[in-house]
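This report goes through the fold, the cross-link and the charged pairs of one protein, and it is best read with the structure open beside it.

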Amino acid sequence: MGLTRKGLLRPLSAAVAMAATTVLVVGAAAAPVDVEPAPGAAAAPVPRADLSHHGYVSLWGDRIAIRIRSENRGPSDVTASTVRLRFSAPLAPSQELPYGCLRGGKATVLCETGGLRSAGGARQTALDLTLAGRPDEVVVRLDGVWSGGARDTDRTNDVHEVLAPATGDAYAF
């Protein structure tokens, strides 16, 4: 469950909750993508997908806006996925996050992107956040942390780092 600024609980999907738990466990090793079948059991094929996250970041004063376009280039559908945003500056303690997003620390937000069909339409995620201070620039690191059990065949298009000076201009990733 996530907390809103007013302290009300809001339900989050199992995908976001699972990703948050996975991300917040310090020193834990990631689970392997391919699992060895039990002796005598047939191996189930591991679905493969190519998730991509692109968009832009804009910073002005103590406000930062992020727009993300998530899509799956296939070949398998993805039932749900989660993207993590890490900021080089801490976020203000009170934040109104969009549905499906939660805090993962002082400078981290996790958002589910929902199901992504192979070669289907893209999902949009929009965040408008307040920072704890008024930095001259912020580095935003974005990466996919969960892909619904599918192996992502190309991680180069879903891991990004962008420097956003406090100009109010949009900086693409």
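Two strands are said to pair when DSSP finds at least two bridges between them. The model discussed here is a predicted one, and every value below is computed from it.

## Overall fold

The secondary structure of the protein consists of one helix and 13 strands, and along the sequence these elements follow the order β-β-α-β-β-β-β-β-β-β-β-β-β-β. Of the contacts in the protein with a separation of 6 or more, 70% are accounted for by residues 24 or more positions apart.

Of the 173 residues in the protein, 41% are buried. The accessible surface comes to about 9,300 Å², and carbon and sulfur atoms contribute 56% of this area.

## The β7–β8 hairpin

Strands β7 and β8 pair in the antiparallel sense, with four bridges between them, and the hairpin that joins β7 to β8 runs through two residues. Within this pairing, Leu102 has Leu110 of β8 as its bridge partner. As a general point for reading such a pair, side chains in a regular strand alternate between the two faces of the sheet.

## The disulfide

A search of the whole structure finds one disulfide, which joins Cys101 to Cys111 with an S to S distance of 2.0 Å. Which parts of the chain does the pair of Cys101 and Cys111 tie together? Cys101 lies in strand β7 (residues 101–105) and Cys111 lies in strand β8 (residues 108–112), so the pair ties together parts that are ten residues apart in sequence. The disulfide therefore links the two strands that also pair in the antiparallel sense.

The torsion about the S-S bond of Cys101 and Cys111 is about 115 degrees, and the disulfide is right-handed because of this. Are these cysteines buried or exposed? Cys101 has a relative accessible area of 5% and is buried, and Cys111, at 0% relative accessibility, also counts as buried; the limit that applies to both is a relative accessible area under 20%.

## Salt bridges

Side chains of opposite charge can pair when their charged atoms come close. In this protein the count comes to six salt bridges, and those described below differ in where their partners lie and in how far they are covered.

Arg141 forms a salt bridge with Glu161, and their closest N and O atoms are 3.1 Å apart. Arg141 lies in strand β10 (residues 137–146) and Glu161 in strand β12 (residues 159–165), so this pair ties together parts that are 20 residues apart in sequence. Arg141 counts as partly exposed at 32% relative accessibility, whereas Glu161, at 56%, counts as exposed.

The side chains of Arg155 and Asp158 also meet in a salt bridge, with an N to O distance of 3.5 Å. Here Arg155 counts as partly exposed at 41% relative accessibility, while Asp158 is buried, with a relative accessible area of 2%. Another salt bridge is formed by Arg69 and Glu71, whose closest N and O atoms are 3.7 Å apart, and Arg69 counts as partly exposed at 38% relative accessibility. Finally, a network of salt bridges links Arg84, Arg86 and Asp143.

Methods:
Residues are numbered from 1 along each chain as its sequence is written. This is a predicted model: local features need pLDDT of at least 70, side-chain atom pairs count only at pLDDT 80 or more; totals for chains, interfaces and linings use all residues. Side-chain values use heavy atoms; hydrogens and water are left out. A disulfide is a pair of cysteine sulfur atoms within 2.5 Å. Buried means under 20% relative accessible area, exposed over 50%, partly exposed in between (1.4 Å probe, protein chains only). Contact means heavy atoms within 4.5 Å. Accessible areas come from the Shrake-Rupley method with a 1.4 Å probe; for residues, only the protein chains shown count as cover. A salt bridge is a side-chain nitrogen of Lys or Arg within 4 Å of a carboxyl oxygen of Asp or Glu.
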